[in-house]
Amino acid sequence: MRKKKWTNKSNHFTLDGNVVRLKKNLTIHNTAEFLNDIELLFRKSGESDLSVDLSGLDNIDSAGALAIHRLPENAGRYNISLKIENAGKDIENKLSLFSPVKQKTEQSHTKEGILYLLGDRAGHFLAEYVASFFYLVSDILFWSVRDLFNRKQRRKGEFVNQAISIGVNALPIVMAMAFIIGLVLALQSSSQLRNFGANVYIVDLTVIAMMAEMGPLITAIMVAGRSGSSIAAEIATMKVTSEIDALRTMGLNPVRFVVIPKIYGSLVTLPFLTILASVAGIFGGAVAANLYLDITPEIFFNRMPEALYQKDILTGIIKSIAFAFIIVITGAFFGFRVKEGAEGVGRSTTSAVVAAITLVIIADLILGLIFY
Amino acid sequence: MNKEKIIEVKGLKVSFGEKEVLKNVTFSIEEGDVTVILGGSGSGKSTIMKHMLGLYPVTPNTISIFGQDIVTIDEEQELKFYLKLGVFYQNGALLNSLTVGDNVALPLEQHTNLPADAIEDLVRTKLNLVNLEDAYYLYPSQLSGGMLKRAALARAIIMDPPLLFCDEPGAGLDPVSLANLDELILKLRDQLGMTILMVTHEVTSILRVADKVLFVDNGVIAFEGTLTEARQSEIESLKDFFTVGTGGKKVTH
Ligand SMILES: Nc1ncnc2c1ncn2[C@@H]1O[C@H](COP(=O)(O)OP(=O)(O)O)[C@@H](O)[C@H]1O
Ligand SMILES: [Mg+2]
């Protein structure tokens, strides 16, 4: 972290010939700094023998004790032999209480399972209900923007896990559903179009309907069913088992810790999922057009560029982003509102799915009107 | 010996809906003591603890910790406040998605700049203190109840907090593990000067570690005093705890 030349200045020790005299306290709050300083000393000192004198040390905790235990080993990396001396009684006790584990257990088999997490402020009445919903929304929006630029409070690999579980894993089912709906949509329209001799407009109909409307909607409904429910269940379970409380008392914001990775995971994957769903739906339409309207795939795909408007694609993408927010936020909201007990988890899950699908359809209407 | 009062609770009242759980809870906890909260199940012991942790709203001037009314702790001070607390939850409350090692490492990863190897070192040492180093790579779902408890204790003490809350840490442990746990509690008190508040029913454990005893009954603190005083108390329901708990004659009401 800090890259400065060793100048015989550290808050943690003084160098006296080849004796390093530790001073003051060495605790979890400053051990990282101490490790940096001493490493710098090892690198720059040029001594081959050092002794570390603990007599001036007032207090240590477990982090400090382990740092001291590891000093000889760390010094060894710079070919310095180091001994530790003059520990007072109290320091000695702590060094023996917190001594490093000699035989570390090895990891035996493959890692398994990925899960998720969350906190709350809830009530019983509609006003409070709405208030806590908006409270959660604002919290989520705030942290999802803040944490874009902040790697520290992000859990390693969690974003990828979420992207996979919310987005990638939903791909087969979403594409299959979209294909079927595209096919049925074209099938239902075909007799009408044939009556008007407007067979070729099946292409426009399918493409526009899938890109701007059905693709985003099918995707959102499937994802709400799969992930909205699992987000609610996961968070509700965490609440019931006090994991949420534990996060808070460890000084971690549950919204930030549990919900934000899901927001990122869904925001990144849902637009792709939506486009792929639309494409699958168009293929479904092409199959129906071929079977019922004698429009060969060649004619269908030749006409497609004319029916494909940038605006429809954009509408679809914007919708998918809005739907992603709605699904995660609704899942999280119902998860956090859970009342004690296992049946509460089930109820939260159901409410989350129903609410997410309802809100998705309402948002679809609003966005449809805006982009009309 | 005038020890500092680290926690003061005055007139805490709690109702859940219609149900009044705590009517008027008043007590204080002194620095460096192991204080045991005793009481029947459902008497509100966990509820008292959760209120002290700021997990439920409380009214001003009810609970003060480290000399500060917890109501006045704002978002900025919250982290500092929580870093001074270690909490052991009744059912462990480890994150199921992380291994035991990662669970215990979490506060260090989030709140310190320690390098990864120093973090691993600390985590393994703390797990070793609770005799659970071999569970480093296991997930909580792969642990027995007693192991979960010990893992949760390792997490609670990972930051060497000056104040440790334990909700039934000994329940379900075998006698040897329980004795080890008690020994560890005493080491934390004596060598690190931790102040420890512990809910427990294990009479053997209370006799080994308690400096002070609080007895919760009927929504109030029915007894507050030293262990010796508690054992001589004339309060029937408290007497029952000690006689039944040590295998003495069973008292029927
Ligand atoms: N969040 C809650 N909502 C409703 N009732 C609760 C809640 N938490 C605890 N209670 C009730 O309060 C009483 C005390 O619970 P608790 O503090 O867990 O008891 P214990 O002394 O066993 O730890 C119990 O009757 C419990 O059902
Ligand atoms: Mg309890």
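**Exercise 1.** Establish whether B:Arg189 counts as buried or exposed, and describe the salt bridge that this residue forms with B:Asp211.

*Solution.* Step 1: B:Arg189 has a relative accessibility of 18% and therefore counts as buried, where buried means under 20% relative accessible area, exposed over 50%, and partly exposed in between (1.4 Å probe, protein chains only). The structure is a predicted model, in which local features need pLDDT of at least 70 and side-chain atom pairs count only at pLDDT 80 or more, whereas totals for chains, interfaces and linings use all residues. Residues are numbered from 1 along each chain as its sequence is written, chains are lettered from A and ligands numbered from 1 in the order in which they are written, and side-chain values use heavy atoms, with hydrogens and water left out.

Step 2: B:Arg189 forms a salt bridge with B:Asp211 (a side-chain nitrogen of Lys or Arg within 4 Å of a carboxyl oxygen of Asp or Glu), and the closest N and O atoms are 2.9 Å apart.

Step 3: B:Arg189 belongs to helix 6 of chain B, and B:Asp211 to the loop between helix 7 (203-209) and strand 9 (212-217) of chain B, so the pair ties together parts that are 22 residues apart in sequence. Helices (H or I, at least four residues) and strands (E, at least two) are DSSP runs, numbered from the N terminus.

Step 4: B:Asp211 is partly exposed, because its relative accessible area is 25%.

**Exercise 2.** Identify which residues join A:Asp53 in a network of salt bridges, and locate A:Asp53.

*Solution.* Step 1: Through shared salt-bridge partners, A:Asp16, A:Arg21 and A:Asp53 make up one network.

Step 2: A:Asp53 lies in strand 4 (residues 49-53) of chain A. With a relative accessible area of 6%, A:Asp53 is buried.

Step 3: The C-alpha atom of A:Asp53 is 5.1 Å from that of A:Glu85, although 32 residues separate the two along the chain.

**Exercise 3.** State how many salt bridges the structure holds over all chains, and analyse the pair A:Glu234 and A:Lys262.

*Solution.* Step 1: The total over all chains is 19 salt bridges.

Step 2: A salt bridge of 2.9 Å, N to O, joins the side chains of A:Glu234 and A:Lys262.

Step 3: Since A:Glu234 sits in helix 7 (residues 201-240) of chain A and A:Lys262 in helix 9 (residues 254-292) of chain A, the pair ties together parts that are 28 residues apart in sequence.

Step 4: A:Glu234 counts as buried at 8% relative accessibility, and A:Lys262 is buried at a relative accessible area of 0%.

**Exercise 4.** Describe the salt bridge between B:Lys126 and B:Asp160, and then the phi angle of B:Asp160.

*Solution.* Step 1: The side chains of B:Lys126 and B:Asp160 meet at 2.8 Å, N to O.

Step 2: This salt bridge links distant parts of the chain, 34 residues apart: B:Lys126 is in helix 4 (residues 116-129) of chain B and B:Asp160 in the loop between helix 5 and strand 7 of chain B. Both B:Lys126 and B:Asp160 are buried, the latter at 13% relative accessibility.

Step 3: B:Asp160 is not a glycine, yet its phi is positive, at about 45°. Most residues other than glycine have a negative phi.

Step 4: B:Glu168 also has a positive phi, near 50°. B:Glu168 is placed in the loop between strand 7 and helix 6 (175-192) of chain B and counts as buried at 11% relative accessibility.

**Exercise 5.** Name the protein donors of the magnesium ion (ligand 2), and compare their burial.

*Solution.* Step 1: The donors (N, O and S atoms within 2.8 Å of the metal, or 3.2 Å for Na, K and Ca; water is not among the atoms, so sites may look incomplete) are B:Ser46 through OG and B:Gln90 through OE1, at 1.9 to 2.4 Å from the ion.

Step 2: The two donors come from distant parts of the chain, 44 residues apart, with B:Ser46 in helix 1 (residues 45-52) of chain B and B:Gln90 in the loop between strand 6 (85-88) and helix 3 (100-111) of chain B.

Step 3: B:Ser46 is buried at a relative accessible area of 19%, whereas B:Gln90 is partly exposed at 35%.
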